[in-house]
Amino acid sequence: KGMELYLAKSPKGKKFHDPLAAVVALNPDVCEFREVYMFRQKGEWGAKLCEGTNTFISVKADLDKFFEVFLSE
């Protein structure tokens, strides 16, 4: 419903900003993840490997798997 309303006002469509994130939502095996602790220091974000945080970041993506999922029906 939300996309229908958006496209009614913007008939040219919507930009696809993060195709990798969309593909990973369909198949998390596209990326390799590590559990980390996120921190901010001197205005910059960083991450350190740390168990028990339940916060994961991707550290590697499989390009072949990405396109397999992205181009599948």
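Let's start at Leu-63, which is exposed, with a relative accessible area of 57%. Because the bar for exposed is over 50%, Leu-63 clears it at 57%. Before going further, keep in mind that this is a predicted model. Confidence in the chain averages a pLDDT of 93, and 99% of the residues score at least 70. Within the chain, strand S1 (residues 31–41) has the highest confidence, at 98, while helix H1 (residues 2–9) has the lowest, at a mean of 85. As a general habit, where pLDDT is low, the predicted coordinates should not be read in detail.

Back to our starting residue. Leu-63 sits in helix H3 (residues 63–70). Leu-63 also belongs to a nonpolar patch on the surface, together with Phe-16, Phe-67, Phe-70 and Leu-71. Taken together, these residues offer about 550 Å² of accessible area.

Two of those patch members lead us to the aromatic rings. How many aromatic pairs does a search of the whole structure find? The search turns up two. In one of them, Phe-66 and Phe-67 meet edge-to-face, with 5.0 Å centre to centre and 80° between the planes. In the other, Phe-66 and Phe-70 are stacked, at 5.4 Å centre to centre and with 15° between the planes. The labels follow from the angles, because planes under 30 degrees apart count as stacked and those over 60 as edge-to-face.

Where do Phe-66 and Phe-70 lie relative to each other along helix H3? They are separated by about one helical turn, because they are four residues apart in that helix. Phe-66, Phe-67 and Phe-70 form one aromatic cluster.

How accessible are the residues of this cluster? Phe-66 is buried, at 13% relative accessible area. Phe-67 counts as partly exposed at 40% relative accessibility, and Phe-70 is likewise partly exposed, at 37%. The patch takes in residues with over 30% relative accessible area, so Phe-66, at 13%, falls short of that cut-off.

Finally, a look at the cysteines. Cys-31 is buried, with 9% relative accessibility, whereas Cys-50 is partly exposed, with a relative accessible area of 33%. How many disulfides does a search of the whole structure find? The count is zero. For a disulfide to be assigned, a pair of cysteine sulfur atoms would have to lie within 2.5 Å.

How values were computed. Residues numbered from 1 in each chain as written. Predicted model: local features only at pLDDT ≥ 70, side-chain atom pairs only at ≥ 80, totals over all residues. Heavy atoms only, no water. pLDDT = per-residue confidence, 0-100. Helix = DSSP H or I, 4+ residues; strand = E, 2+ residues; numbered from the N terminus. Buried < 20%, exposed > 50% of the residue type's maximum accessible area, 1.4 Å probe, protein only. Patch = residues over 30% accessible without salt bridge, like charges linked within 9 Å, V, L, I, M, F, W, Y side chains within 5 Å. Areas by Shrake-Rupley, 256 points an atom, 1.4 Å probe, with all protein chains shown as cover. Salt bridge = Lys/Arg side-chain N within 4 Å of Asp/Glu carboxyl O. Phe/Tyr/Trp six-rings, centres within 6.5 Å; stacked < 30°, edge-to-face > 60°.
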